[in-house]
Structures are given as structure tokens and as C-alpha cells.
Amino acid sequence: MSNYPDLQLYIGGAWRKTAQTLPVINPADESVIGAVPVASTRDLDAALEAAERGFAIWRRTSPSRRAEIIRKTASLLRERIDEIALDITREHGKPFQQARLEVIRGAEFFEWDAGEAQRTYGRVIPSEPGIRYVVHHQPIGTVAAFSPWNFPLSQPARKIAGALAAGCSIIIKASEETPAGCLHIARAFHDAGLPAGVLNLVFGVPAQISEYLIPHEQVRLIAFTGSTAVGKRLTGLAAQYVKPALMELGGHAPVIVCDDADPVKAGVTSAIRKVRNAGQVCTSPTRFFVHKDIYRPFLDAFVERARAIRIGDGFDAATDMGPVANHRRVEAIETLVEDARSRGARILAGGERPAGKGYFYPLTVAAELPDGARALEVEPFGPLALINPVDSIDEAIERANALPFGLAAYGFTHSAHTAHMLAERIEAGNVSINTLEASVAETPFGGVKESGYGREGGAEGLHHYMTVKNISHRMVL
Ligand code: NAD
């Protein structure tokens, strides 16, 4: 088994150590597995200078050459899948097979955006004779990006793919808690021949880094994935300097189970999906509104499957769900479950933290939560499912839309009419019917309301990384 990597910053095509480091913890046993470097302002200045040089080269690199380097990187990630997945499981805790799937997903983001690099079409606008209006897209410049800990590789992959495909340079601050995923991306780009300075990777104190980089004149776009609270702070800072921001923030995904759906299949599918990444996914299905006529069989099927989920070390092949990624998530889930219990909700599976080392918390099912239960309002971001009966689909839609979030939403129905109505009326950036998959590389992903703005992936994914320039050209003066 390879060792956990020697973590370094990657600036101007070179690896860099720092005087100060922070420990990286394995959430399965709370042991220290590595030391993540903490960037100083000198390191950040070096990253800014490198990104400026990188942008000057990369913006003049043809889209086909950019695509070639990005595709080569994706193929290196695929070749190194086991080594990378090993490090992801060590630092994040997710089962090894889920870590492998994450590497594949990250590679898919790169491959899709590599293709999009060659399709950033402009247009010619009809005009009077002798003049031509041409709309042209240009890379926006240096991007300052911030990626979270829940998907150590695929989260930074989304941002790096968009920026590099569009012709931008990027300084990315990846997660200090799960740093190896992004380190492997930087290694792969280095080996694929990316010019120095196009991609720069830093770690450190998140607030210090964002407050230093965002105001800097050279930074032209802020791209963040994380909590709504931090997103609001960074959006405010970006606005102060009149900079665009791409914000992928929290959700609290509703699932509407209609009376014509198969309640057992929907219940089992939902319990299995809830376990993915121990529920630490911004699109994780969480608020279940189930039509009263099929409530009982749905709940029974969900609870039976939830009780059978095996939690344990991500390297144990029998494990369905690993630990959550940090102690904050355990405490957050514990608090929400205790609140729900104290208000009279029924806790039908899980609900107790196991003894011993590691940030483990079982898949927990809370049913019939009264209005006012904190979990119905605060995104649990962990293995907690909230299941309530509703009298009608109208009531379910109203409750689904009641929160300030709107990222992913789901429906189970066999009626095309009901599916259409759900898709039309639910306030979310992504609505999925009879599937709990909310985003793939080829579809645009992002939120409405306080879940953020902008889209990653799909044909829309590169728009934010580019500016629109109109060129008016009179042929003769
Ligand atoms: P948090 O709000 O402290 O941090 C969220 C993320 O933002 C982390 O990656 C952190 O490093 C980064 N961050 C924090 N302050 C920052 C700053 N000033 N500048 C730049 N980056 C900053 O919370 P947390 O405990 O790490 O995560 C909990 C919450 O975050 C969850 O409840 C969930 O809502 C949200 N979250 C969302 C996603 C997502 O995919 N949308 C991913 C991870 C976390």
C-alpha cells in the first residue's frame, strides 16, 4: 500500500513546502495521517504572479491543445485510480469503491469540459451592409476557487476543468481536511505537460486566503462550493470589488413520493442513495414528503434497508457507509436528532453514536417530525433522513418550496402529468424524476435561491469563465 502523500503547495509548476502545517486526520480512527501546508501571503503572492504568467500563455493556447492536455490529465487520473482512491478513503473515510467512483466522476468532468473547450461558439449578428457585429467569448482571467472536503477530487475537478477549458488560469484553495484529492489532480496536470502557472494549488487558513485573493486586481472570478453562510460572505466580498462569483452552496433536497409510485422500490432506492458519501452531498435526498396512501409501505421499506446498512472502515469490503468526514458533522447530526426526538419525532433507525474511535454515525431515520424541528430547516449534511406523510402533492410541493434553498429535488411518480407538474413547480436548479442522480458531467448543475447561482457542467459550464465581447467592424471608414 502506498504512503499518504507528502502534501505541498503547487505554484508556478513547482512543489513548495511551508514552515507551518496543519494535521490531516483519518476520520475512521482519528489518527494523524499527514501534514497539510499553510500558505503565507508570500506564497499567495507567488501564486498570483505565477497565475498571471500562466494566463498569458494559456489564453493563447489553441482550444484543441488545451483539450488535449486536459484529456491527458483525465486519462492519468483513470490510470492512477487505485492509488488516488486509497488516499481519498484515508482522508475522507468513504468506502474505497465510492472513492474509485469519485475519481471516475472527476475524470468525466475533465473530459466533458475538454470537449466544451472547442465549442465556445460566438455568433455573427445580421446588420446593414458594410458593417459586421461579431460576438466573441474570451477567457475571463485568473480564477480564485475554493473547494470543500466532501468530494476531495471531484469538487476541485469541476472548477479546474471549467477554468482551464475556458482558457483561464486558476488558483485553487482545496480543502485542508481532504487535501490529497486535489494534489493528485495537480500531479496529473504536471505530468500531462500543463504550462507552469496555469494551475496553482494552495492550502491554508480559508478566510485569510479568500480575503487576500478576492480583492486582488488580477483575480477576475470567484468560484466557491460550500456552505451558504460562507458563500454569502464571499459573495459580499466579491461584490465589493465588482467581481462575478460562481456559487454552489447548500441544499436540503426534498423528495416527493406520489401515490402512484412503487413505495417499496422508492423506499429502498432512497435509503441506498442516502448512504452515498455518508449523506455529505449537497444533493443528498433528505426531506421525504410521502403521500399518505403509500406512507406506511414506503417508511417500512426505507427503515428495513436503513437498519441493514453496515457502517465501518472504508477499506472493509463489507462496509456500506464509512464515518462522516469530521467531528463537526457528528456533532451537527447528533444535535439535530436530539432536537427531533425531543419534539416527538419517531427515530426508527440509528439515532445513537456508536462507542469508540472514529467519526461514525449510523444512517438515521426520523419520522413524523413536527413543524419547527430544526432538521427540517437546517441542512443535515450527513446520514439523516426525515420522512413525513402529506395529504396531497400540492402540500408536498408547498413544503418542498418552503425553504430558502433550491439545489436538487426529486419525485417518484409513474404519471407523466404529475412528473411534468413537479418539474414545473418545484423551485430547484435540478429536478430528477424516478432517479436520485442530480448531476452528471453533461448536464448543468447549480442552484436557485440561497443555494447559489451559476452552473457547472453541461453546455453552460464554461460561460462563467468567459466574458462576452461584441466587436463592431465597419469594413470601410
Ligand atoms: P464551513 O461553513 O465552515 O465551511 C464550508 C467550506 O468553506 C469548507 O470547505 C471551508 O474550508 C470553506 N471556508 C470556510 N470559510 C471560508 C472562507 N472565509 N473563505 C473561503 N473558504 C472558506 O462548514 P463545514 O463544517 O466545513 O461544512 C458544513 C457545511 O458546509 C454543511 O452543512 C454544508 O451545508 C456545507 N457544505 C456544502 C458543500 C457542497 O457541496 N455544497 C460541501 C461541503 C460543505
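**Close-ups of a predicted model**

**View A. The side chain of Thr-319 reaches the backbone oxygen of Asp-313, at 2.8 Å.** This is a predicted model, so read every distance in these views as computed from the prediction. Thr-319 belongs to the loop that links helix H10 (295-308) to H11. Its relative accessible area is 10%, which is under the 20% cut-off, so Thr-319 counts as buried.

**View B. The ligand sits in the largest pocket.** Which elements give two or more residues to the shell around the ligand? They are helix H7 (206-213), strand S10 (219-225), helix H8 (228-240) and helix H11 (327-342). There are 22 residues around the ligand, and the ones that come nearest are Trp-149, Ser-210, Ser-227, Arg-328 and Glu-379. Sort the shell by class and you get 11 nonpolar, 6 polar and 5 charged residues.

**View C. Zoom in on polar contacts between protein and ligand, including one to Ser-227.** A polar atom in the side chain of Ser-227 is 2.6 Å away from a ligand oxygen. Pro-206 joins in through its backbone, where a polar atom lies 3.4 Å from a nitrogen atom of the ligand. Leu-249 also uses its backbone: an N or O atom there is 3.3 Å from a ligand nitrogen. How much of the ligand does the protein bury? Taken alone, the ligand exposes 800 Å², and 85% of that is buried by the protein.

**View D. Asn-277 and Ala-278 sit side by side in a loop, each with a positive phi.** Most residues other than glycine have a negative phi. Asn-277 has a phi near 60°, a positive value even though the residue isn't a glycine. Ala-278 isn't a glycine either, yet its phi is positive at about 50°. Look for Asn-277 in the loop running between helix H9 (263-275) and strand S13 (287-291); Ala-278 is found in the loop between H9 and S13 too. Buried or exposed? Asn-277 is buried, since its relative accessible area is just 2%. Ala-278 comes in at 4%, so it is buried as well.

**View E. The side chain of Asn-388 reaches across to the backbone of Leu-369.** Asn-388 is part of strand S16 (residues 384-390). Its side chain gets to the backbone nitrogen of Leu-369 at 2.8 Å. Why does Asn-388 count as buried? Because its relative accessibility is 4%, and anything under 20% goes in the buried class.

**View F. Trp-58 and Gly-197, a pair separated by 139 residues along the chain.** In space, the C-alpha atoms of Trp-58 and Gly-197 are 9.2 Å apart. You'll find Trp-58 in helix H1 (residues 41-58). Relative accessibility for Trp-58 is 0%, so this residue is buried.

**View G. Phe-151, shown with Leu-237 for a wider span.** Phe-151 falls in the loop between strand S7 (142-146) and helix H5 (154-166). With 9% relative accessibility, Phe-151 counts as buried because the limit is 20%. How do Phe-151 and Leu-237 sit relative to each other, in sequence and in space? They are 86 residues apart along the sequence, with 25 Å between their C-alpha atoms.

Note on methods: Residues are numbered from 1 along each chain as its sequence is written. This is a predicted model: local features need pLDDT of at least 70, side-chain atom pairs count only at pLDDT 80 or more; totals for chains, interfaces and linings use all residues. Side-chain values use heavy atoms; hydrogens and water are left out. A residue is near a molecule or strand if one of its heavy atoms lies within 4 Å of it. A polar contact is a pair of N or O atoms within 3.5 Å; within protein, one must be able to donate a hydrogen and the other to accept it, and residues adjacent in sequence count only if both atoms are side-chain atoms. Accessible areas come from the Shrake-Rupley method with a 1.4 Å probe; for residues, only the protein chains shown count as cover. On a 1 Å grid over the protein atoms alone, a cavity is a set of points where a 1.4 Å probe fits but cannot get out, and a pocket is an open set with protein on both sides within 12 Å along at least five of seven lines; lining residues have an atom within 4 Å of a point. A molecule sits in a cavity or pocket if more than half of its atoms lie within 2 Å of its grid points. Helices (H or I, at least four residues) and strands (E, at least two) are DSSP runs, numbered from the N terminus. Ala, Val, Leu, Ile, Met, Phe, Trp, Tyr, Cys and Pro count as nonpolar, Asp, Glu, Lys and Arg as charged, and the others, Gly among them, as polar. Buried means under 20% relative accessible area, exposed over 50%, partly exposed in between (1.4 Å probe, protein chains only).
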